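This tour proceeds from one selection to the next. Please keep the viewer open and follow each stop in turn.

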Amino acid sequence: MKKKQNPKSWQPATKMVRGGRLQSQFGETSEALFLNSSFTYDTAEEGEARFTGELPGFKYGRYSHPNLAMVEERLALMEDAEAAVVTASGMAAVFAALMCQLKTGDHVAASKVLFSSCHYIITQLLPRFGITYSLVDGTDMAGWKKAITRKTRCVFIETPANPTLELVDIAAVAALCKKTGTCLIIDNVFATPLLQHPLKLGADVVVYSTTKHIDGQGRTLGGAILGTRKFIDDIVMPFVRHTGPHMSPFNAWLLLKSLETLELRVTKHCDNAEALAALLEKHPKVSRLVYPGLKTHPQYAIAKKQMSRGGPMIVFELTGGKKAAFRFMNALSIVDISNNLGNAKSLVTHPASTTHASLGAAELKRLGITDGMIRLSVGIEDIADLKKDIGDALRAV
């Protein structure tokens with residue numbers, strides 16, 4: 001990077017194109033791909049100095065590598081975080097962000113509506129290590145106040161939540177966490193780094209599945225943890241360095257390319273989602289629609305306070321339950337059926353039978369995940385084609 005550049009002063013689009021860029025002596029315009037597992041030193045003394053930290057430089061691919069360093073710096077700039085760690089999957093990021101700071105006897109509080117794998121970590125894995133948990137209705141501030149005590153080491157929240165799009169007031173929960181010295185971790189996947197800024201709202205840590213909108217093209221798995229330099233260097237990195245969840249050079253290189261177009265893609269995602277939400281809200285076969293950008297969202301006031309737009313995700317329910325949902329999904333000709341989200345291609349999911357099926361019928365009912373619920377990840381196709389495809393499919397129900 002040129003010495004006179006000040007990346008922190010750049011606008012988001014510039015940060016995502018040029019942030020963290022490293023150039024070799026060849027002056028390449030596209031960042032180079034470093035497909036190597038380890039590095040050499042000119043002298044034994046240099047090797048020692050790198051391991052003691054006296055000299056900067058790469059040591060081993062499990063610790064870091066040039067492609068990883070570039071994408072971590074770019075993500076940190078984008079999030080206005082001091083530092084970032086990028087992992088091989090979103091769930092690796094979630095697990096590392098929690099386990100790097102938890103010990104036997106600690107307590108974790110989490111919003112009750114969670115992605116099923118997050119739910120499994122908190123309710124099944126953590127108790128094996130003597131860590132207790134509380135699941136809280138995300139909209140119940142009295143519930144948060146009761147759950148967060150001096151023993152609560154971490155609070156983990158998805159907002160908007162997967163799949164219900166429930167919103168949690170980040171600033172309000174952050175204020176409670178500050179009183180007890182509790183680390184507030186926000187899963188910001190559905191909002192994307194462009195629409196919601198948890199660190200500015202008081203959160204301590206932000207996690208992402210970069211598999212979703214950050215990659216945005218269905219090519220890579222990945223995750224990210226962002227926070228203060230002290231948290232990343234002193235708490236996260238020792239855990240990551242010794243447990244090995246770092247991302248490969250090739251996937252990190254792909255993410256660098258994806259970040260260059262993130263703002264363009266998210267803008268188009270939101271434009272399309274807003275148009276489809278307006279269409280679905282008025283449709284007679286849709287019994288319920290949830291979209292943060294509409295006044296009908298139960299937590300619309302929170303959305304206006306902490307999100308710049310409604311986002312790329314829509315959830316709606318069809319009268320007729322699972323049979324109607326499946327009929328609708330099978331009638332789609334453009335939108336793909338998938339359990340994933342955040343793709344340039346529009347994707348539709350039936351959470352009750354796929355992503356959240358492992359929770360069981362009783363828990364699904366408690367969380368409000370019905371058989372008629374459909375999660376729509378809106379892509380960047382032409383909106384006229386999407387409207388026609390969804391309209392045709394609804395007529396088939």
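A strand, in this tour, is a DSSP run of E of at least two residues, and strands are numbered from the N terminus. With that in mind, note that the model on the screen is predicted, and that I225, a later stop, lies in strand 7.

**Stop 1: the whole chain**

Display the complete chain as a cartoon. It has 15 helices and twelve strands. The radius of gyration is 22 Å, close to the 21 Å that the globule rule gives for 397 residues, so the chain is as compact as a globular protein of that length. Along its principal axes, the C-alpha trace spans about 75 × 50 × 35 Å.

Next, show the surface. The accessible surface of the chain comes to about 17000 Å², and 55% of that area belongs to carbon and sulfur atoms. Of the 397 residues, 55% are buried. How are the contacts distributed along the sequence? Among contacts between residues at least 6 apart in sequence, 72% join residues at least 24 apart.

Colour the charged side chains. There are 47 positive and 37 negative side chains, and the centres of the two sets lie 4 Å apart.

**Stop 2: the loop between strand 4 and helix 7**

Select the loop between strand 4 (152–158) and helix 7 (170–180), where P160 is placed. The peptide bond that joins T159 and P160 is cis, with omega about -5°. Move along to P163, which is placed in the loop between strand 4 and helix 7 as well. A cis peptide bond joins N162 and P163, and here omega is about 10°.

Select L165, also found in the loop between strand 4 and helix 7. Its phi is near 65°, a positive value in a residue other than glycine. Is L165 buried or exposed? Buried means under 20% relative accessible area; L165 has 1% relative accessibility and therefore counts as buried.

**Stop 3: the cysteines**

Show the cysteine side chains. A disulfide is a covalent bond between the sulfur atoms of two cysteines. How many disulfides does a search of the whole structure find? The search finds zero. C177, for example, is in no disulfide; the nearest cysteine sulfur, that of C183, is 8.2 Å away. C177 is buried, because its relative accessible area is 0%. Now select C270, which counts as buried because its relative accessibility is 0%.

**Stop 4: T192**

Continue to T192, which is found in helix 8 (residues 192–195). Phi of T192 is near 70°, a positive value in a residue other than glycine. With a relative accessibility of 1%, T192 counts as buried.

**Stop 5: T220 and its surroundings**

Select T220 in the loop between strand 6 (205–209) and strand 7 (223–227). Its relative accessibility is 4%, so T220 counts as buried. Which residues does T220 touch, not counting those up to four places away in sequence? They are T211, D215, N251, L254 and L255. Display these side chains together with T220 to view the contacts.

**Stop 6: I225 in strand 7**

Advance to I225, in strand 7. This residue is buried, since its relative accessible area is 0%. Leaving aside neighbours within four places in sequence, the contacts of I225 include A83, A84, V85, A93, A96 and A97. Other residues in contact with I225 include V205, V206 and V207, together with F231, I232 and V236.

For a distance exercise, select M247 too. I225 and M247 are 22 residues apart in sequence and 12 Å apart in space, from C-alpha to C-alpha.

**Stop 7: A393 in helix 15**

The last selection is A393, found in helix 15 (residues 383–395). With a relative accessibility of 0%, A393 counts as buried. Which residues are in contact with A393, leaving aside its neighbours within four places in sequence? The contacts are F328, A331 and L332.

Finally, select H297 alongside A393. The two are 96 residues apart in sequence, and their C-alpha atoms are 24 Å apart in space.

Conventions: Residues are numbered from 1 along each chain as its sequence is written. This is a predicted model: local features need pLDDT of at least 70, side-chain atom pairs count only at pLDDT 80 or more; totals for chains, interfaces and linings use all residues. Side-chain values use heavy atoms; hydrogens and water are left out. Helices (H or I, at least four residues) and strands (E, at least two) are DSSP runs, numbered from the N terminus. The radius of gyration is taken over C-alpha atoms; the globule rule is 2.2 Å times the number of residues to the power 0.38. Buried means under 20% relative accessible area, exposed over 50%, partly exposed in between (1.4 Å probe, protein chains only). Contact means heavy atoms within 4.5 Å. Accessible areas come from the Shrake-Rupley method with a 1.4 Å probe; for residues, only the protein chains shown count as cover. Lys and Arg count as positive and Asp and Glu as negative; His and the chain ends are not counted. The place of a charge is taken as NZ of Lys, CZ of Arg, CG of Asp or CD of Glu. A disulfide is a pair of cysteine sulfur atoms within 2.5 Å.
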